Amino acid sequence: MLEPDLVPDGSVDGITASPSAPGVNQPTGNGPQSRRRVQRTINFDRSVLERARAAATYLASCEPQAGVRSLADIVNPAVLAYVTELEELYNAGEPFRPVLRMPSGRPANR
């Protein structure tokens, strides 16, 4: 992961985190996106990405019944499954508080 970009006021990418009171489900950031699909840049371990790309390419061309036409068809269900598991483990099965803009990099040491 990339290191956060610190600005003079100590925030990350100009965003400061403020904890909300329990039960308050207010999103952070500047406003919701209106598109269903969005493009984001994330970092993968090279070996994981190469395997996923190879699987998507093979399945799209040779195994149409698999329902995989692109890398997104592999990544989206995998991320959804893991986020659901995290919600079960750490948030009583409820979705985490919405975040409209996530600071880049690792969180500061606590």
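How many helices and strands does the secondary structure of the protein come to? The points below start there.

1. **Overall make-up.** This is a predicted model. Its secondary structure comes to two helices and zero strands. The helices are α1, residues 46-62, and α2, residues 72-90.

2. **Burial and surface.** The protein has 110 residues, and buried ones make up 5% of them. The exposed area is about 9700 Å². Carbon and sulfur atoms supply 54% of that area.

3. **Contacts along the chain.** Take the contacts with a separation of 6 or more. Of these, 58% join residues 24 or more positions apart.

4. **A nonpolar patch.** Ile-42, Phe-44 and Val-48 make a nonpolar patch on the surface. The patch covers about 270 Å². Val-48 belongs to helix α1. Its relative accessibility is 45%, so Val-48 counts as partly exposed. The cut-offs behind that word are 20% and 50%, with partly exposed in between.

5. **The span of α2.** Helix α2 has 19 residues. From its first C-alpha to its last, α2 reaches 26 Å. At 1.5 Å a residue, 27 Å is expected, and the value for α2 is close to that.

6. **A buried charge in α2.** Look next at Glu-87, which sits in α2. Glu-87 is buried, yet it has no salt bridge. Which side chain of opposite charge is nearest to Glu-87? That is Arg-97, 12 Å away. A salt bridge needs the charged atoms within 4 Å.

7. **What Glu-87 touches.** Set aside the neighbours of Glu-87 within four places in sequence. Glu-87 is then in contact with Ala-92, Gly-93, Glu-94, Pro-95 and Phe-96. Ala-92, one of these contacts, lies in the segment after α2.

8. **An unusual backbone angle.** What is the sign of phi at Ala-92, positive or negative? Phi of Ala-92 is positive, near 55°, and the residue is not a glycine. Most residues other than glycine have a negative phi. Is Ala-92 buried or exposed? Its relative accessibility is 73%, so Ala-92 counts as exposed. Glu-87, in contact with Ala-92, is buried.

Note on methods
Residues are numbered from 1 along each chain as its sequence is written. This is a predicted model: local features need pLDDT of at least 70, side-chain atom pairs count only at pLDDT 80 or more; totals for chains, interfaces and linings use all residues. Side-chain values use heavy atoms; hydrogens and water are left out. Patches are made of residues with over 30% relative accessible area and no salt bridge: like charges are joined within 9 Å, nonpolar side chains (Val, Leu, Ile, Met, Phe, Trp, Tyr) within 5 Å. Accessible areas come from the Shrake-Rupley method with a 1.4 Å probe; for residues, only the protein chains shown count as cover. Helices (H or I, at least four residues) and strands (E, at least two) are DSSP runs, numbered from the N terminus. Buried means under 20% relative accessible area, exposed over 50%, partly exposed in between (1.4 Å probe, protein chains only). Contact means heavy atoms within 4.5 Å. Lys and Arg count as positive and Asp and Glu as negative; His and the chain ends are not counted. The expected span of a helix is 1.5 Å times one less than its number of residues.
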